[in-house]
Structures are given as C-alpha cells and as structure tokens.
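Colleague: I have the structure open and would like to go through it with you. Could we begin with the strand that caught my eye?

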Amino acid sequence: MRDDLVTPPTARRLQRAGFVWEPQVGDWCMVLGGEHFHETQSGLWLVVSWAEATGQLGVMDAAGQWPVTRIAARDGVWVPTVGKLKTWLRAHGLRVNTGEFEPSALGSGVRQVCRVLAPGRPTPLAEGQGASESEAVAGAVLRLLEAAPMDTSAVGGVDVGQSHRVALHHTQAGEIRQL
C-alpha cells in the first residue's frame, strides 16, 4: 500500500464520520461491492475522469490489470492522501504539525504523530497517531469530526464539508463547536 494514502479501514471511517468526497482527477478510491475490491493496492482505483452531471467516474486500477472503467461516484470510497488531508485542514484555518516519536516500549518502532492547532490557541484541537503520516493526520481529522458537539445557535463557522454540511466555529476560548 502506498505510504501517502490512508488505509482502506480508515477511509471508510472518514466516510462514516461525514468527510465528503468531491472527486477530482488524480484521487484514489476503492469500489464498494466491486469484483476486485481488496484492502491492498490491487483494490485501489485512480480517478482519471469525473462527469459531475452524471455522477460517473472513469477509474483505472492501481496495478494496471484492468482497462479504464466507469463507476457511479456513490459506489466509491475516497482514499485520501496525506497532502489532501493537510490541505483540507489548512483550508479551514487550522495549522498542522506532524512528526515522529519513538514510544518507550522496547522494539515498538517509530510512530507518526499529528497535532491540529487553531491560530492563537496553545493546545491542540485534535491529535492523531499512526504507523504512517497519513494515518496520523487522518486520526486527527477523525477526532475533529467526532468531537465537535452539536450547537446550532452559533454563527460565522467554517464549512468542513461533512455530508450533512456541518460547520465548525472557533470560539473566543479556543473551543471548537459544530454549527
């Protein structure tokens, strides 16, 4: 599996948390219910065309074993890259810090960590850890999406692109609230 992509289980968690995919050429996806659906690189499909009017994607498998095929975008699960996740966070006014750390347990290897910060706030809004940078950033995105308490009275939020169009608002105290 490519290191810059989240794992298929994480991609499904992002989708269930409401992380919306607006397909673009160059995106990676998995096809739900597809004959060639696996949680390996052979189950990854590269988007080579997007017909928004019909909701159809032209996809090509990562291994180059199958010709370009058309699928309904609703049948795909976006497998975002770490770059797309960071861009999404930064587009909403958040800072992203990533790095490596070595847990104290002997032989546990190097882990990746991601901290998401709001401008002017010293403590992270969300943190994530993982075996790769993409998993650490995805973990932080999931924590942000899952932690926002419901508050429909606030105004002036930042659209985070959830399927039900949830918006986040940074309060004066540095809290994050769902609009």
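Modeller: Let us begin with β8, where the side chains alternate: Ala126, Gly128 and Gly130 point to one face and are buried, while Glu127 and Gln129 point to the other and are not. Please keep in mind that this is a predicted model.

Colleague: Why would the side chains switch faces like that?

Modeller: In a regular strand the side chains alternate between the two faces of the sheet.

Colleague: Which sheet does β8 belong to, and in what order do the strands come?

Modeller: β8 is part of an open sheet of three strands, in the order β6-β7-β8, with antiparallel pairing. The edge strands are β6 (95–101) and β8 (126–130), each of which pairs on one side only. On average, neighbouring strands of this sheet are turned by 15° against each other, direction ignored.

Colleague: How many bridges join β7 to β8?

Modeller: Five bridges join strand β7, residues 111–117, to β8, and the two run antiparallel. Within this pair, glutamine 112 stands opposite glycine 130, and arginine 115 stands opposite glutamate 127.

Colleague: What do the side chains of arginine 115 and glutamate 127 do?

Modeller: They meet in a salt bridge, at 3.1 Å from N to O. Arginine 115 lies in strand β7 and glutamate 127 in strand β8, so the pair ties together parts that are 12 residues apart in sequence.

Colleague: Are arginine 115 and glutamate 127 buried or exposed?

Modeller: Arginine 115 is partly exposed, with a relative accessible area of 37%, and glutamate 127 is partly exposed as well, at 38%.

Colleague: Which helix lies across these strands?

Modeller: Helix α3, residues 133–147, lies across β6, β7 and β8. Its direction is at about 145° to β8.

Colleague: Back to salt bridges. How many does a search of the whole structure find?

Modeller: The search finds three. One of them joins aspartate 27 to lysine 84, with the closest N and O atoms 3.0 Å apart. Aspartate 27 lies in the loop between α1 (8–16) and β1 (28–31) and lysine 84 in helix α2 (residues 82–91), so this pair ties together parts that are 57 residues apart in sequence.

Colleague: How accessible are aspartate 27 and lysine 84?

Modeller: Aspartate 27 is buried, with a relative accessible area of 3%. Lysine 84 is partly exposed, at 28%.

Colleague: And what does glutamate 133 pair with?

Modeller: The side chain of glutamate 133 meets that of lysine 86 in a salt bridge, at 2.6 Å from N to O. Glutamate 133 lies in helix α3 and lysine 86 in helix α2, so the pair ties together parts that are 47 residues apart in sequence. Glutamate 133 counts as partly exposed because its relative accessibility is 26%, whereas lysine 86 is buried at 15%. The cut-off for buried is under 20% relative accessible area.

Colleague: A change of topic: how do β2 and β3 pair?

Modeller: Strand β2, residues 45–51, is joined to β3 by six bridges, and the two run antiparallel. Valine 47 stands opposite valine 59 in β3. The hairpin of β2 and β3 has four residues between the strands, and there glycine 55 takes a positive phi near 75°.

Colleague: What about β3 and β4?

Modeller: β3 pairs with strand β4, residues 69–72, in the antiparallel sense over four bridges. In that pairing, leucine 57 stands opposite isoleucine 71 in β4.

Colleague: Which residues form a nonpolar patch on the surface?

Modeller: Val48, Met60 and Val68 form one, with about 220 Å² of accessible area together. Methionine 60 lies in strand β3, residues 56–61, and counts as partly exposed at 34% relative accessibility.

Colleague: Finally, the overall picture. How many helices and strands are there?

Modeller: The secondary structure comes to three helices and 11 strands. Along the sequence, the pattern is α-β-β-β-β-β-α-β-β-β-α-β-β-β.

Colleague: How much of the protein counts as buried, and what does it expose?

Modeller: Of its 179 residues, 43% count as buried. The protein exposes about 9500 Å², of which carbon and sulfur atoms supply 51%. As for contacts with a separation of 6 or more, residues 24 or more positions apart account for 44%.

Key: Residues numbered from 1 in each chain as written. Predicted model: local features only at pLDDT ≥ 70, side-chain atom pairs only at ≥ 80, totals over all residues. Heavy atoms only, no water. Patch = residues over 30% accessible without salt bridge, like charges linked within 9 Å, V, L, I, M, F, W, Y side chains within 5 Å. Areas by Shrake-Rupley, 256 points an atom, 1.4 Å probe, with all protein chains shown as cover. Salt bridge = Lys/Arg side-chain N within 4 Å of Asp/Glu carboxyl O. Buried < 20%, exposed > 50% of the residue type's maximum accessible area, 1.4 Å probe, protein only. Pairing = 2+ DSSP bridges. Axes fitted to C-alpha atoms, helices over the stretch in contact; angles between N-to-C directions. Contact = heavy atoms within 4.5 Å.
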